[in-house]
Structure formats: C-alpha cells, structure tokens
Amino acid sequence: MSTAKPRILTGDTPTHTGLHLGHYVGSLENRLKLQDQYDCYFLIANVHAFTTLAEKPAEVRANTIGIVKDWLAVGLDPQRSTFVLQSEIPAIAELTFLFAMLLPFNKVMRNPTLKTEIETKGLGESHSFGFPMYAVGQCADILTFRPELVPVGEDQEAHIEMCRDVALKFNQLYCGVGNRVVPEEHVKAGGLFPIPKAKVGRVARLVGLDGKNKMSKSLGNAIFLYDDAKTVQKKINKITTGRQSPTEPGDVSNILMQYVDAFIGGAGDEGYTRAEEIKRRYGAGDNIGDGHVKAELGEAINKLIEPMRVRRTELEGERGDAMVQEVIRIGVERANVVAEETLFLAKKAMGLEFGRRTVSLAG
Ligand code: ATP
Ligand code: MG
C-alpha cells in the first residue's frame, strides 16, 4: 500500500444484497478507473444500514457479504485498495460524536439528501434519532481517511458539502487555520483534514425503472448487477413511456433515452454514434419503436454486466464467503492504522489526548 498517493474514500450501505446499475455508472466506474492513481478506501456502511434495518441484523450481515462479493465481481481489487468495514473501525464512531458538535442541528435536518430519503423511503415522522445521525457519521467515514476525492452519485453531493463544512471548521477551530485560507491550502496551512471534493460519475443520477426516483436499492426500481439476462430484459420491457407507435415523435429525455445514453452511448465511440442515431430517430418518430429500443438496450446492458455476473456466480457459496471474510480482515487491519492515526491527531488538536491507546487487532 502506497502512502504517497492521494487518497480516495467512498462506499455503499448494505441495505440490499447487492449493487445496481446506478452504482455502476454513478460511482463504481470511477472507482475502477482511479484504483491505480489513488490510495483507495472503499467503505461498507454496515452500521448505517441499521438506520433503516435495525430490526433485521441478519439481513444487514448477509447484505454486507453480498456487497463485498459485488465489489470483487466488478473488479475492485483488495490488493490495491483497502476494503473498510465500518463496524470494525472504532475511530469512526468516536469522530462522529466529535463532529456532531461542529454541525448545527437545524442544518443537518434541512439537508436535502436526508429530506428526500425520508420522503422516498416512506420514513415520515417515525424515523429513528439515528437516521439523520448517519449524515454526520458519513462526515466521519470520509474524514477518518483524510481523502482528497470522494467518488459519489449526485444524490450525495449535499452530504459531501456538509463534510467539507466539518473539515473547514475543524481546521479553523483546532488547527489554527485562518478564515481566509482557501480550501485547497488548508493542509499546507496546518489543517489536519484536506477539504474533500465530490467526484460525480459519468451519469450523475441514473433514474430508476419507475422513471421518477433515482435508481435505489431500497425503492424496488433497480436492475441489479447480478440479475440474470432474462430478468434484465423483463425489467426493461416493463418500462412505460406512454408512446403509442414507432412513428410518433418521442421525448428524447425520457427514461428509455436516458438509458440509451448511459448504456449504449457509454460503450465507446461506436456506442456513442449509435446512441445519437437512436435518439435522432426516436425524436423524429422515424420508424423506431419502444420495443426495438428496449431489445437493443437489454442487449447492451447484458453485455456490460455479463462478466460481472460470471465472477459473482463464482463467489457464491462457502468458498466465496471465506474469501470475503479474509478480504475484510485484511482491510480492517490496514484501515485501522490510518483511522487510529487520524483519531489521535484529531484528539490532540482538540486537547482531548491523554495517552495513546492501542487497539487490539488480534483474532
Ligand atoms: P439506498 O436506497 O439504501 O439509499 P442506494 O441505492 O442509494 O441505496 P447507496 O449505498 O446509498 O445506494 O449509494 C452508494 C453510492 O452509489 C453513492 O455514492 C450514491 O451516490 C451512488 N448511487 C446510488 N444510486 C445512484 C444512482 N441512481 N445514480 C448515480 N449514483 C448512484
Ligand atoms: Mg442512498
């Protein structure tokens, strides 16, 4: 593991057994590209999964294993990158509490990402105290690893903004960084935390199969990376656009055309040209039916995810489970070295350090 490279932190919450196409175009693709240039930390937010699944611990555990398998299947490499299991990193929980004091309560509650989630997940008034707390926790997830970049989908931008606020405030309050110092210069000016930047993926927000909300694991509107070829095609066939015939001029920004851009247009130069042609003919009603587009789309998506599906199948069963266990063990050990260092430095800056503890990583 090189420490000279700048760091990246990003992750997924195990609220479902696996990842979907939105994750792929929104974040995984970037992670794959950046694995060599950066020292990457990929976090599984299994504690945060309890914000909506507190009554289903076995599900969270199974989902956690499923997500690691998906990462491996997609090509994230535990040799080059560090897989971080949130529940095994005590420094994250401690920093969450300390950071909570740097964020005004009302600002957290007004966070647009949280508000949307409360609405779309139907949590209403009944959400736990811990639910909005996860947004503060996410600041700790990120800052624990002092990364420069955070590859995320557009829905997470408000969270990254909050995380930047925390880092700026911490550096100013406890590290003597002046109010006028620009974010890029904070570390040079003595700040502990680089002010991290969001890196939004090729598709900032992939719309779900409902054509309305973003594709989400918890909203029943996703195509999963491990869906078999038939399921993929079936899900696509169910998309409704309201268009009646191949000669009716179609809306080139509807869900089908967004998918054409993402999955046909995204496949190199040839794909781009083909996507442009489909959109032109669709917009003009030039004898191109929704059924035809759906078939071509299903084929393109299946071509993209087929190698992942094959690798994911290979990881099924006990051998795969054992591999996941080992990947987590190694990742946790590496991650705790960085996390403990950050916590020590943060507590020192805050005047809270009275003797460095050692975390037992044995067993
Ligand atoms: P949940 O419904 O439980 O919130 P999710 O599908 O939103 O699950 P997360 O684990 O919350 O998945 O998100 C993981 C990462 O994937 C985040 O960086 C998020 O921005 C990105 N992402 C998730 N869905 C999409 C999407 N539809 N388009 C682009 N990026 C996405
Ligand atoms: Mg989400």
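In this predicted model, strand S1 and helix H1 each supply at least two residues of the shell around ligand 1. Helix H1 provides the largest share of that shell, contributing three residues. In total, 23 residues surround ligand 1, and those that come nearest are Thr15, Asp155, Lys214, Lys217 and Ser218. Divided by class, the shell around ligand 1 holds eleven polar, seven charged and five nonpolar residues.

Several polar atoms of the protein were found beside ligand 1. A polar side-chain atom of His20 lies 2.8 Å from an oxygen atom of the ligand. Ser216 likewise places a polar side-chain atom 3.3 Å from an oxygen atom of ligand 1. At Gly22, by contrast, a backbone N or O atom is involved, lying 3.4 Å from a nitrogen atom of ligand 1. Ligand 1 on its own has 600 Å² of accessible area, of which the protein covers 96%.

The space taken by ligand 1 is the largest pocket. This pocket has a volume of about 1000 Å³, and its lining comprises 49 residues. Glu117, Tyr134, Asp155, Gln156 and Lys214 lie nearest the centre of the largest pocket. The elements that give two or more residues to this lining are strands S1 (7-12) and S4 (149-152), together with helices H1 (21-34), H2 (50-53), H6 (112-120) and H7 (130-143). Helix H1 gives the most to the lining of the largest pocket, with six residues. The lining of the largest pocket divides into 21 polar, 18 nonpolar and ten charged residues.

The descriptions of ligand and pocket share several names. Asp155 and Lys214 are among the residues that come nearest to ligand 1, and both are also among those nearest the centre of the largest pocket. Helix H1 likewise appears in both descriptions, as the element with the largest share of the shell around ligand 1 and as the one that gives the most to the pocket lining.

Methods
Residues numbered from 1 in each chain as written. Chains lettered and ligands numbered in written order. Predicted model: local features only at pLDDT ≥ 70, side-chain atom pairs only at ≥ 80, totals over all residues. Heavy atoms only, no water. 1 Å grid on protein atoms, 1.4 Å probe; cavity = no way out; pocket = protein on both sides within 12 Å on 5 of 7 lines; lining within 4 Å. Points joined across faces, edges and corners; volume = space filled by probe spheres on them. Helix = DSSP H or I, 4+ residues; strand = E, 2+ residues; numbered from the N terminus. Nonpolar A, V, L, I, M, F, W, Y, C, P; charged D, E, K, R; others polar. Near = heavy atom within 4 Å. Polar contact = N/O pair within 3.5 Å; in protein donor to acceptor, adjacent residues only side chain to side chain. Areas by Shrake-Rupley, 256 points an atom, 1.4 Å probe, with all protein chains shown as cover. Sits in = over half its atoms within 2 Å of the grid points.
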